[in-house]
There are 2 protein chains.
Amino acid sequence: MVRPEPVSRRDRPAKPPLSRAGILDAAVAIVEKEGADKLTMRRLAAALDTGPASLYVYVKNTTELNALLIDRYLVDLDLSWDDSELPRARLHRVLDDYTHLLTRQTGLAQAALVTWPNGVHYLDLLDLLLRLLHDLELDTTTAARAVDLLLQHATASAAERAAHSSNDAQELSDLQSTLDAADPDRHPTLARAGSAVFVSGSREERNAWSIDVLIDGALKQATQRRPTEGRSHSE
Amino acid sequence: MVRPEPVSRRDRPAKPPLSRAGILDAAVAIVEKEGADKLTMRRLAAALDTGPASLYVYVKNTTELNALLIDRYLVDLDLSWDDSELPRARLHRVLDDYTHLLTRQTGLAQAALVTWPNGVHYLDLLDLLLRLLHDLELDTTTAARAVDLLLQHATASAAERAAHSSNDAQELSDLQSTLDAADPDRHPTLARAGSAVFVSGSREERNAWSIDVLIDGALKQATQRRPTEGRSHSE
DNA sequence: ACCTGAACACCGTTCAAGT
DNA sequence: ACCTGAACACCGTTCAAGT
């Protein structure tokens, strides 16, 4: 019974001690090289030349790992704002950037949807969004809710795109043919509209449209609140 | 070597032959009893008293299984509409129902987010939504996009709720404490707003607010288009 | 032709035992 | 005290072989 020779211990000069930062670096390397869906506790441990159990000393579970990873990615986001750019345009840009960031790696957006990113870079993003919405004359409560809605949309869009564009996803034609199966008697409105309307425009254009809808809708909500501004006696 | 006696063959009278419908029934039973996250090919096969390989004769993969299952659940949705109910109110009700349906079982919403439901009941839902939006004077293109946006919001909300409320999710307090960690120098807007604004109001109220934002935003978009109505020469 | 046992290639998490 | 080998309890999917 020949045991495989233990992988040479001298290759890396004294395998560095584990640490949150080191684990995160290795995680990024895996995501970059193999995609976020290949980031597993076992692979991560293997990359760090240890057993999976060791990771649990530094990271509570997979959910926490994902939350940390997302924040780590957020550092790449451009969050500067000089007033030469109109707030609405800046809003579009940062949300596009955010969506792109999450789309780059399959699985990252998925994680972001069900995970509150945990870290300072996420707070940076929230701060900028709030600032921009304030600049559009939204009150604090409305702005906070709008931030929620805008980020939810950006994240969900990224998750959808990543899911549909990769591996064993459904084909776009599946949706088409489902829609074409609309029975004019049972689905008159749908049949009259035609399946084409659901895929009209480019992804970028649709996305920009959605962001404007969200902003305008929030603005309307803030306006309705305006009359009661001085002191809110009703409601 | 004592083989375990084969589980009695006479318990169920002549194990019924497999079929798409039978598989789906068994899937619903599992989801109902153990939650959608426990629905796996292997468990499903076990429930049908066969090996997992057999399922692949009727279902392409897990993604297709989920798509079929979601449509199967959609049958419970109330899609009637008599004009005694204002279109906006009806819109709220059907979207609430849809969110509830997906929230009931962890994992169902997750699947819906990355999977186009496949079947006639989904078309029924689309038809009603389109009809209601037309009634609010939206043109077909705007209505179709609004449908997308409304369903995306409903699905994402359900996924978030299901994820955060169950099993090994992050605590709500995690978000609170992340927000409270806002450094007044680095995150002035956030710190001034306070962490409370991000969790103001009940879930139902926040949800209703979001739906109104989406509807109003879409209405604005449709209005802007109105001037060019007769024939669209520009753009 | 239709079905499936068994195998392949993985997972996350825990805990007793080692240093 | 800190770390981890090995085990526990699972996954989805394929394919050669059986009826």
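1. How many helices and how many strands are there in chain A? In this predicted model, chain A holds 11 helices and 0 strands, and its elements, read from the N terminus on, run α-α-α-α-α-α-α-α-α-α-α. Buried residues account for 49% of the 235 residues in chain A. Among the contacts in chain A with a separation of 6 or more, 68% are made by residues that stand 24 or more positions apart.

2. The next point concerns the relation between the two chains. As general background, two copies of a chain are related by a rotation about an axis and a shift along it. Here, a turn of 180° with a shift of 0.0 Å along the axis lays chain A on chain B with an RMSD of 0.0 Å, which is the relation of a two-fold axis. Within chain A, the residue whose C-alpha comes closest to the rotation axis is Gly217(A), at 2.0 Å.

3. The contact between the chains takes 68 residues from chain A and 67 residues from chain B. Because 99% of the interface residues of chain A are also interface residues in chain B, the copies meet through the same surface. Chain A and chain B bury about 6200 Å² between them, and 61% of that area lies on carbon and sulfur atoms. Of the area that chain A buries against chain B, 15% is supplied by Trp116(A), Arg145(A) and Trp209(A), more than by any other three residues.

4. Polar and charged pairs also cross this interface. There are 8 salt bridges between chain A and chain B, and one of them joins Glu205(A) to Arg145(B), with the closest N and O atoms 3.0 Å apart. Across the interface of the two chains, 16 residue pairs are in polar contact. Several helices give two or more residues to the side of chain A that touches chain B, including α4 (62-74), α7 (120-135) and α11 (203-225) of chain A, but the largest share, 17 residues, comes from α8(A). By type, the residues on that side of chain A divide into 30 nonpolar, 24 polar and 14 charged.

5. Salt bridges deserve a closer look, and the structure holds 24 of them over all chains. In chain B, the side chains of Glu64(B) and Arg20(B) meet in a salt bridge at 3.3 Å, N to O; Glu64(B) lies in helix α3 (residues 62-74) and Arg20(B) in helix α1 (residues 20-34) of chain B, so that the pair links distant parts of the chain, 44 residues apart. Glu64(B) is buried, with a relative accessible area of 19%, whereas Arg20(B) is partly exposed at 42%.

6. Which residue forms a salt bridge with Asp212(B)? The partner is Arg88(B), and the closest N and O atoms are 2.8 Å apart. Since Asp212(B) lies in helix α10 (residues 203-225) of chain B and Arg88(B) in helix α4 (residues 87-103) of chain B, the pair ties together parts that are 124 residues apart in sequence. Arg88(B) also meets the side chain of Asp216(B) in a salt bridge at 2.7 Å, N to O, and this pair ties together parts that are 128 residues apart in sequence. Asp216(B) is buried, with a relative accessible area of 7%, and in chain A, salt bridges that share partners join Asp78(A), Glu85(A), Arg90(A) and Arg93(A) into one network.

7. A last point concerns Pro17(A), which is placed in the segment before α1 (20-34) of chain A. Pro17(A) counts as exposed, because its relative accessibility is 71% and the cut-off for exposed is over 50%.

Conventions: Residues numbered from 1 in each chain as written. Chains lettered and ligands numbered in written order. Predicted model: local features only at pLDDT ≥ 70, side-chain atom pairs only at ≥ 80, totals over all residues. Heavy atoms only, no water. Least-squares fit on C-alpha atoms with pLDDT ≥ 70 in both. Contact = heavy atoms within 4.5 Å. Buried area = accessible area lost by both parts, 1.4 Å probe. Salt bridge = Lys/Arg side-chain N within 4 Å of Asp/Glu carboxyl O. Polar contact = N/O pair within 3.5 Å; in protein donor to acceptor, adjacent residues only side chain to side chain. Helix = DSSP H or I, 4+ residues; strand = E, 2+ residues; numbered from the N terminus. Nonpolar A, V, L, I, M, F, W, Y, C, P; charged D, E, K, R; others polar. Buried < 20%, exposed > 50% of the residue type's maximum accessible area, 1.4 Å probe, protein only.
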